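Student: I've got a model open and I'd like to talk through how it packs. Can we go through it together?

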Amino acid sequence: MKEVLAGAALGLSLAAPPGPVMAVMATAASRGRSRESIVTALGAISADAVWLSLVTLGFITFLGNHPRAVGGLGLGGACLLLWMAYGAYRSARAGLGESKLRGSYRLGLLTVLTSPFSFAWWMANGALLLATLGWGGIAGMFSSLVLYSFVITYAFGWMGSRFRHTANAIAYISVVMLAGFGFYVAHRSVQLLAFYSVLPV
């Protein structure tokens, strides 16, 4: 039981910080599209399961030893985030009408799979999770991720349906978050590629 609770706490450390997936979920949920929000979250959780598999197979260590590959992955993720920011901006401009930003299972999956932040989290915590908490900890972590996704979805849905202008305010906050993450990831990825391009192979 202790391992399950520790895994659940570790899962919250992965899900709780505001990020791109939460921005998309918040926009969808606050506009009454709870199913879309949850499906996006499930895509992100599936991507975390992929990262876990890579940890188990040792491939994440290979990536850690090849920073240029991580830099290239980050550039792809940055492009995705900036495209999402543009969609969020069009959604905010549209008000409560037809939204131009649509969450989906694939969007959640690709966002986490191309995220250097997710790579860094699994690089730091993946081996610990497997070695010290075992399958009980893994079950606790993914259970907390699923539960947190439902709680956040219905919390944003409650705010959006009860307070005027909340949904639009959340949409504009999402624009800032997505664009900010996109530019930051692009900057760090370019730095990584530039630094290692001057080193001998």
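Student: Leaving aside neighbours within four places in sequence, which residues is Leu129 in contact with?
Tutor: Keep in mind that this is a predicted model. Skip the neighbours within four places in sequence, and what's left for Leu129 is a set of seven names to read off. Those contacts are Leu10, Leu52, Trp122, Gly134, Gly137, Ile138 and Met141.

Student: Which residues touch the most other members of the largest nonpolar core?
Tutor: That core has 28 residues, and Leu129 is on the list you want. Trp122 and Met141, which are also contacts of Leu129, are on it too. The full list is Trp122, Leu129, Met141, Phe142, Leu145 and Phe156.

Student: And which helix gives the largest share of this core?
Tutor: Helices α1 (2-15), α2, α3 (34-57) and α7 (116-162) each supply at least two of its residues. The largest share is 11 residues, and it comes from α7.

Student: How many residues are in the second, separate core?
Tutor: Look for Leu80, Leu81, Ala85 and Ala186, which are among its members. The size of this second core is 14 residues.

Student: Back to α2: is it largely enclosed by the rest of the structure or not, and how many of its residues are buried?
Tutor: The cut-off for buried is under 20% relative accessible area. The buried set takes in Pro20, Met22, Thr27 and Ser30, among others. α2 is therefore largely enclosed by the rest of the structure, with a buried count of 11 of the 11 residues.

Student: Are α2 and α6 roughly parallel or roughly antiparallel?
Tutor: Helix α2 (residues 20-30) packs on helix α6 (residues 105-113) with the axes 9 Å apart and an angle of about 160°. Angles over 145 degrees count as roughly antiparallel. The crossing itself is right-handed. So the two helices are roughly antiparallel.

Student: How do the residues of that α2 and α6 contact divide into nonpolar, polar and charged?
Tutor: On the α2 side you have Pro20, Val21 and Val24, which meet Leu107, Gly108, Thr111 and Val112 in α6. Gly counts as polar here. The split is 5 nonpolar, 2 polar and no charged.

Student: Last one: how far apart in space are Gly72 and Leu193?
Tutor: Gly72 lies in helix α5 (residues 67-93) and is partly exposed, with a relative accessible area of 39%. In sequence, Gly72 and Leu193 are 121 residues apart. In space, C-alpha to C-alpha, the distance is 7.6 Å.

Note on methods. Residues are numbered from 1 along each chain as its sequence is written. This is a predicted model: local features need pLDDT of at least 70, side-chain atom pairs count only at pLDDT 80 or more; totals for chains, interfaces and linings use all residues. Side-chain values use heavy atoms; hydrogens and water are left out. Axes are lines fitted to C-alpha atoms, for helices over the stretch in contact, and angles run from 0 to 180 degrees between N-to-C directions. Helices (H or I, at least four residues) and strands (E, at least two) are DSSP runs, numbered from the N terminus. Angles under 35 degrees count as roughly parallel, over 145 as roughly antiparallel, 65 to 115 as roughly perpendicular and the rest as oblique. A crossing is left-handed if the near helix is turned anticlockwise from the far one by less than a right angle, and right-handed if clockwise. Contact means heavy atoms within 4.5 Å. Buried means under 20% relative accessible area, exposed over 50%, partly exposed in between (1.4 Å probe, protein chains only). A nonpolar core is a set of buried Ala, Val, Leu, Ile, Met, Phe, Trp, Tyr and Cys residues joined through side-chain atoms within 4.5 Å.
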